Amino acid sequence: MTPAQSYSATEPRMAAVIDGKALARTIGEDTARQAAALHERTGVLPTLAVVLVGEDPASQVYVRRKVKETKAAGMRSIEHRLDASIGEDELLALIASLNADPFVHGILVQLPLPRQIDATRVLDAIDPTKDVDGFHPVNVGRLSTGIGGLVPCTPLGCMRLLDTVVRDYRGLNAVVIGKSNIVGKPVAMLLLERECTVTVTHIATKGLPDIVRTADIVVAAAGSPRLVRGEWVKPGAVVIDVGITRVMDEDGKERLVGDCAFDELGHAAAVTPVPGGVGPMTIACLLANTVQAAKRAAALG
């Protein structure tokens with residue numbers, strides 16, 4: 001990952017494109033093998049319960065994909081589709097029943113939730129051992145102290161993608177753009193565990209381009225389309241683009257773009273595309289977390 005001395009946006013693309021779809025398939029196949037082996041050995045069939053409140057179109061698409069992938073891995077999927085007018089207490093009662101169900105190993109509440117429901121209160125109500133999204137304060141605390149637990153799916157997916165191109169993290173400079181509890185903060189902690197020197201930034205950070213230019217690893221998770229330009233990234237860096245935004249082309253067609261100007265990153269060592277990079281990894285890691293939770297449940301009897 002030694003940088004070259006110069007960069008031109010007109011240079012031919014040489015960066016390796018990290019194929020998230022291919023890696024997600026590999027992880028999915030391994031997850032399916034583990035699920036089958038667990039079922040054969042113990043009779044425990046890894047089960048994911050998905051809770052969808054309301055009719056948000058994007059949420060419905062995500063839930064359908066999660067259910068489809070869960071079944072494809074030979075696991076059991078349970079769906080709870082609730083009306084948008086549901087009260088918070090009723091939703092919490094459902095969470096409590098899923099917590100108490102020994103045949104449910106993972107619980108996922110699809111966000112966003114309707115305004116009348118406190119999402120933090122709902123997520124905090126999930127049993128940490130079934131929190132396959134990795135959002136519960138107990139799992140966040142375990143991640144921050146390095147003692148294990150269920151890791152948030154998207155940050156875990158980012159690390160699995162990085163593992164395909166980075167052999168030794170020790171001493172590398174990593175810049176994370178984004179400070180969310182879902183991606184920015186946990187991926188920074190995971191990079192720290194690998195002994196990177198980590199700088200956490202966001203779109204309000206002063207001198208952001210200059211900070212990014214110091215990075216051997218860039219993780220862009222700001223939710224700002226094409227924020228990171230080619231001139232921000234030093235030659236030889238690895239770029240993980242978590243962002244995904246629908247934009248309108250000049251010809252009036254919608255397309256998906258990331259937080260990075262992908263077409264300007266030919267001088268990087270490797271870069272994830274949007275779509276087809278981080279996105280597929282999130283669901284793959286969700287199912288891997290569910291099998292992990294089922295294994296722990298089986299070990300506890």
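**Group meeting talk: pockets and a core**

Okay, let's start with one contact: arginine 194 sits over the face of tyrosine 169, and the distance to the ring centre is 4.9 Å. Keep in mind that what you're looking at is a predicted model. And what about rings paired with rings? How many aromatic pairs are there? The count comes to zero.

Hang on to tyrosine 169, though, since Tyr169 turns up again in the largest nonpolar core. That core has 32 residues, and the ones touching the most other members are Leu162, Tyr169, Leu191, Ile217, Val219, Ile240 and Val242. Where do the core residues come from? Helices H1, H6, H7 (184–193) and H9, plus strands E5 (173–177), E7 (217–220) and E8 (238–241), each supply at least two. Which of them gives the largest share? That's H7, with five residues.

Let's stop at strand E8 for a second. Valine 239 is in that strand. Is valine 239 buried or exposed? Its relative accessibility is 0%, so valine 239 counts as buried. If you want a sense of distance, pick out leucine 48: in sequence, leucine 48 and valine 239 are 191 residues apart, and from C-alpha to C-alpha they're 32 Å apart in space.

Now, on to the pockets. The largest pocket has a volume of about 1400 Å³. It's lined by 43 residues, and if you want to find the centre on your screen, look for Tyr62, Thr154, Ile244, Gly279 and Thr282, which are the closest to it. Which elements give two or more residues to that lining? There are three helices in the list, H2 (57–72), H6 (153–163) and H9 (278–299), along with strands E4 (106–109) and E9 (245–248). By class, the lining of this largest pocket splits into 25 nonpolar, 11 polar and seven charged residues.

Then there's the second largest pocket, at about 350 Å³. Here 15 residues make up the lining, and Ala24, Arg25, Glu69, Pro280 and Ile283 are the closest to the centre. Helices H1 (20–42), H2 and H9 each give two or more residues to this lining. H1 gives the most, with six. As for the classes, the second largest pocket is lined by eight nonpolar, one polar and six charged residues.

One last thing to look for while you have the model open: follow helix H9. H9 is on the list for the largest pocket, on the list for the second largest pocket, and among the suppliers of the core. That's my bit, thanks!

Conventions. Residues numbered from 1 in each chain as written. Predicted model: local features only at pLDDT ≥ 70, side-chain atom pairs only at ≥ 80, totals over all residues. Heavy atoms only, no water. 1 Å grid on protein atoms, 1.4 Å probe; cavity = no way out; pocket = protein on both sides within 12 Å on 5 of 7 lines; lining within 4 Å. Points joined across faces, edges and corners; volume = space filled by probe spheres on them. Helix = DSSP H or I, 4+ residues; strand = E, 2+ residues; numbered from the N terminus. Nonpolar A, V, L, I, M, F, W, Y, C, P; charged D, E, K, R; others polar. Phe/Tyr/Trp six-rings, centres within 6.5 Å; stacked < 30°, edge-to-face > 60°. Lys NZ or Arg CZ within 6 Å of the ring centre and 35° of its normal. Core = buried A, V, L, I, M, F, W, Y, C linked by side-chain atoms within 4.5 Å. Buried < 20%, exposed > 50% of the residue type's maximum accessible area, 1.4 Å probe, protein only.
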